[in-house]
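Let's walk through this one together, starting with the overall layout and then going into the details. Keep the viewer open as you read.

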Amino acid sequence: MGTYPRYITPSLEPFDPIELARETEEIVCKGDARKYTDFYATGVYGGIATGYTCGCCLRCVFCWVDWSRDFPEHYGQFYGSRRLTTEFTNRLAPNVMINTDKTRSVSLMRTSSMLIAVQWIDL
Ligand code: SF4
């Protein structure tokens, strides 16, 4: 962890984002689980939920993500697919409209990377 690139400083050495992605994956992924710092749900668009992940392989100067981007080993908890589904379902339940086909789409948007995953949950 000694050379893990953190926030930008004048002395920050150039880094390989692919290598940083691998290093970050070692920190924030464990089996099918990934570290999340928080969740948010609201009723817009018929009900959406967002998971806030930690860790990123870039260091954009305009980034608004908190310290969990640069110190992912100190933030978040691991959520596997089952725990994540429960978290999203519980948070969405008060905010989502019921479809007649009993199917919901849950968008899992990573705030600290470009990956967007979509899960379908049968209720
Ligand atoms: S979280 Fe987004 S804005 Fe922040 S460093 Fe990563 S890619 Fe850039």
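What follows goes from confidence and overall layout to a helix, a core and a hairpin.

First, a word on trust: this is a predicted model. The protein's average pLDDT is 79, and 75% of the residues score at least 70. Residues 98-123 are another matter, with pLDDT below 50, though in the model this stretch still has 42 contacts beyond near neighbours in sequence.

Now the layout. The protein has two helices and six strands, and reading from the N terminus the order is α-β-β-β-β-α-β-β. Of its 123 residues, 24% are buried. Look at contacts with a separation of 6 or more, and 57% of them join residues 24 or more positions apart.

Helix H2, residues 81-92, is a good place to zoom in. With 12 residues at 1.5 Å a residue, H2 should span 16 Å, and its end C-alpha atoms are indeed 16 Å apart, so expectation and model agree. Which residues of H2 are buried? They are Leu84, Phe88 and Leu92. Look down the helix axis and these buried residues of H2 sit within an arc of 55°, which means they line one face. The spacing makes sense, because an α-helix has 3.6 residues a turn and residues three or four places apart point the same way. Turn to the face of H2 directed away from the buried side and you'll find the exposed residues Arg82, Thr86 and Asn90.

Those buried H2 residues belong to something bigger than the helix. The largest nonpolar core has seven residues: Tyr36, Ala41, Ala49, Tyr79, Leu84, Phe88 and Leu92. Two elements, strand S2 (33-42) and H2, each give two or more residues to this core. H2 is the top contributor, with three. As a general backdrop, nonpolar side chains in soluble globular proteins tend to be buried together.

From the core, follow S2 into its neighbour. S2 and S3 run antiparallel and are joined by six bridges; across that pairing, Asp38 stands opposite Tyr52 in S3. The two strands form a hairpin with five residues between them, and Tyr45 in the turn has a positive phi of about 60°.

S3 itself, residues 48-53, is two-sided: Ala49, Gly51 and Thr53 are on the covered face, while Ile48, Thr50 and Tyr52 are on the uncovered one. Why the every-other-residue pattern? In a regular strand the side chains alternate between the two faces of the sheet. Ala49, on the covered face of S3, is also one of the core residues.

Key: Residues are numbered from 1 along each chain as its sequence is written. This is a predicted model: local features need pLDDT of at least 70, side-chain atom pairs count only at pLDDT 80 or more; totals for chains, interfaces and linings use all residues. Helices (H or I, at least four residues) and strands (E, at least two) are DSSP runs, numbered from the N terminus. The expected span of a helix is 1.5 Å times one less than its number of residues. A residue is buried if 20 or more other C-beta atoms lie within 10 Å of its own, exposed if 12 or fewer, and partly exposed in between; C-beta atoms are placed from the backbone. The arc is that of the directions from the helix axis to the C-beta atoms. pLDDT is the predictor's confidence in each residue, from 0 to 100. Two residues are in contact if their C-beta atoms, placed from the backbone, lie within 7 Å. A nonpolar core is a set of buried Ala, Val, Leu, Ile, Met, Phe, Trp, Tyr and Cys residues joined through C-beta atoms within 7 Å. Two strands pair if DSSP finds at least two bridges between them.
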